[in-house]
Amino acid sequence: MPLSGVRVIELGNYIAAPTAGRLLADFGAEVIKVERPGTGDELRNWRMYKGSTSMLHRTLNRNKKSLVLDLRSEAGVQAVKELVAESDVLLENFRPGTLEKWGLGPEVLNEINPELVISRISAFGQTGPLAPRPGFAAVAEAFSGFRNLVGHPDRPPVRVGVSIGDSIAGLYAGFGVAMSLFRRERNRAEGTGPAPLPERTADVALYEAMFSMMESLLPEYHAYGIDRERTGGRMEGVAPSNAYFCSDGSSVVIAGNGDSIFRRYMEAIGRPDLGEDPGLQTNAQRWQRREELDAAISAWTETKTQQEALEALDAAGVPAGPIYTAADISTDPQYLARGMVQPMSVSTGEETLDDVGFPGVVPVFGEKSRPIEHLGPELGEHTQEILEGLLGFSPEQISEATSSAKKE
């Protein structure tokens, strides 16, 4: 695997740092997830419909090892330091200052391992006036301008149904790690020595990760005084592109906004007059008449089942697709052909369920996703293996490093 031989320490809870860790683990890195005694990562209890361990934990922490350490104890902190000496990367997503409070700040880690790559994720970054402020992705999504564009203009902004701010920050953190590892190998080949600590430390702010997704929001405001607003299912300045109801109660998304596609699109829905209208030949023109176009398209889709509508649009070369649920994804031939639904046996903590579909590994190299090696581990499943096998701890040292687990 591309990252075989790379050892990663994950000091993180919830979504952001664990997402970065999952990306690295998916492609061969040994990711050691350090969890607090007793409860572990709080994600283990999110959306837990039955049992004692959530499917979210099993998904986001797949292909990792779980090590229980009490970072409130000197022995636990010492264990992390010894692990740092044997590792390549450290991931964390705590409030700025937390690592330093534990005696694990970047300068300390750098003394232990001058080549260590560090990725830090926080709400507002490690610098700036808001750096000390705590915040989850929901706050960052709002601060970035993203939340202001989600929903309908006559209603309050809404959030999307996943932790997108955390996930995108995790992607950036993983990318920062990959760049730093690449640079490390180049420096080794050139004999120039390790990069300075600041250049090996990826500082990912949740709000900046989301802000980077906002395309031309800011330059359009500065250049033209345009402050974009919520547009529901549409995209500002792009028409016609929306979701439409079908006669069977399902919906389709149709993105027929390309100038060369628009005429074929209107032919397909029986409105060639709109396709030939001189006032509808550019996106800017169509955006001005978006209500008229959406009404014409809806009048057509409401007479068709989802399948009938998609077949007609496909025949005309118009980009369109169904709006899928989890049930639809589970049986779709495209997902299955590329290994994007991988059936696994999984424990809820009370029983083992067979043939539970889990999302495959992205990106694909070759024809289909590589198989998931194992799902998110049990709490502390690899503690003995790591502390005794890798670090050579005695039973007494292991007990001290995991003291809270013993007390609880």
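Biologist: Which domains does the domain assignment give for this protein?

Modeller: In this predicted model, the assignment gives two entries: domain 1 covers 7-213 + 378-402, and domain 2 covers 241-322.

Biologist: How far apart do the C-alpha centres of domain 1 and domain 2 lie?

Modeller: Those two centres are 45 Å apart.

Biologist: Let's turn to sheets. How do the strands of a sheet pair?

Modeller: Strands of a sheet pair through backbone hydrogen bonds, and the pairing is either parallel or antiparallel. You can find one sheet here with 6 strands, open, in the order 3-2-1-4-5-6, and its pairing is parallel.

Biologist: Which strands stand at the edges of that sheet?

Modeller: Strand 3 (64-68) and strand 6 (201-205) do; each has a single partner strand, so one side of each is left without a neighbour in the sheet. On average, neighbouring strands here are turned by 20° against each other, direction ignored.

Biologist: Could you show me one pair in detail?

Modeller: Happily! Take strand 2 (residues 30-35), which pairs with strand 3 in the parallel sense over 5 bridges. To find your way, look for K33, which stands opposite S66 in strand 3.

Biologist: Which strands does helix 3 lie across?

Modeller: Helix 3 (residues 74-85) lies across strand 1 (7-11), strand 2, strand 3 and strand 4 (89-92), and it runs at about 150° to strand 1. Helix 7 lies across strand 4, strand 5 (117-122) and strand 6, running at about 165° to strand 5.

Biologist: How many residues does helix 7 have, and how far does it reach?

Modeller: Helix 7 (residues 164-190) has 27 residues and spans 39 Å from its first C-alpha to its last, close to the 39 Å expected at 1.5 Å a residue. After helix 7 comes G191, with a positive phi near 70°.

Biologist: What is the strand order in the open sheet of 3 strands?

Modeller: The order is 7-8-9, and here the pairing is antiparallel. Strand 7 (241-245) and strand 9 (320-322) are at the edges with a single partner strand each, so one side of each has no neighbour in the sheet. Neighbouring strands of this sheet are turned by 20° against each other on average, direction ignored. Strand 8 (residues 251-255) is joined to strand 9 by 3 bridges, and I254 has A320 in strand 9 as its bridge partner.

Biologist: Which strands does helix 13 touch?

Modeller: Helix 13 (residues 290-301) packs on the sheet and touches strand 7 and strand 8; its direction makes about 35° with that of strand 7. Helix 14 (residues 306-315) lies across strand 8 and strand 9, at about 160° to strand 9.

Biologist: And how are two packed helices described?

Modeller: By the angle between their axes and the distance between the axes. For helix 10 (residues 259-268) and helix 13, the axes come within 10 Å and cross at roughly 45°. The two helices are therefore oblique to each other. F262, Y265, M266 and A268 of helix 10 make the contact with L293, I297 and W300 of helix 13. These contact residues divide into 7 nonpolar, no polar and no charged.

Biologist: One last feature, please: how many residues lie between strand 10 and strand 11 in their hairpin?

Modeller: There are 4 residues between them, and G349 in the turn has a positive phi of about 100°. Strand 10 (residues 341-347) and strand 11 (residues 352-359) pair in the antiparallel sense over 6 bridges. To trace the pairing, start from M344, whose bridge partner in strand 11 is V356.

How values were computed. Residues numbered from 1 in each chain as written. Predicted model: local features only at pLDDT ≥ 70, side-chain atom pairs only at ≥ 80, totals over all residues. Heavy atoms only, no water. Domains from an automatic or database assignment. Expected span 1.5 Å × (residues − 1). Pairing = 2+ DSSP bridges. Axes fitted to C-alpha atoms, helices over the stretch in contact; angles between N-to-C directions. Contact = heavy atoms within 4.5 Å. Parallel < 35°, antiparallel > 145°, perpendicular 65-115°, else oblique. Nonpolar A, V, L, I, M, F, W, Y, C, P; charged D, E, K, R; others polar.
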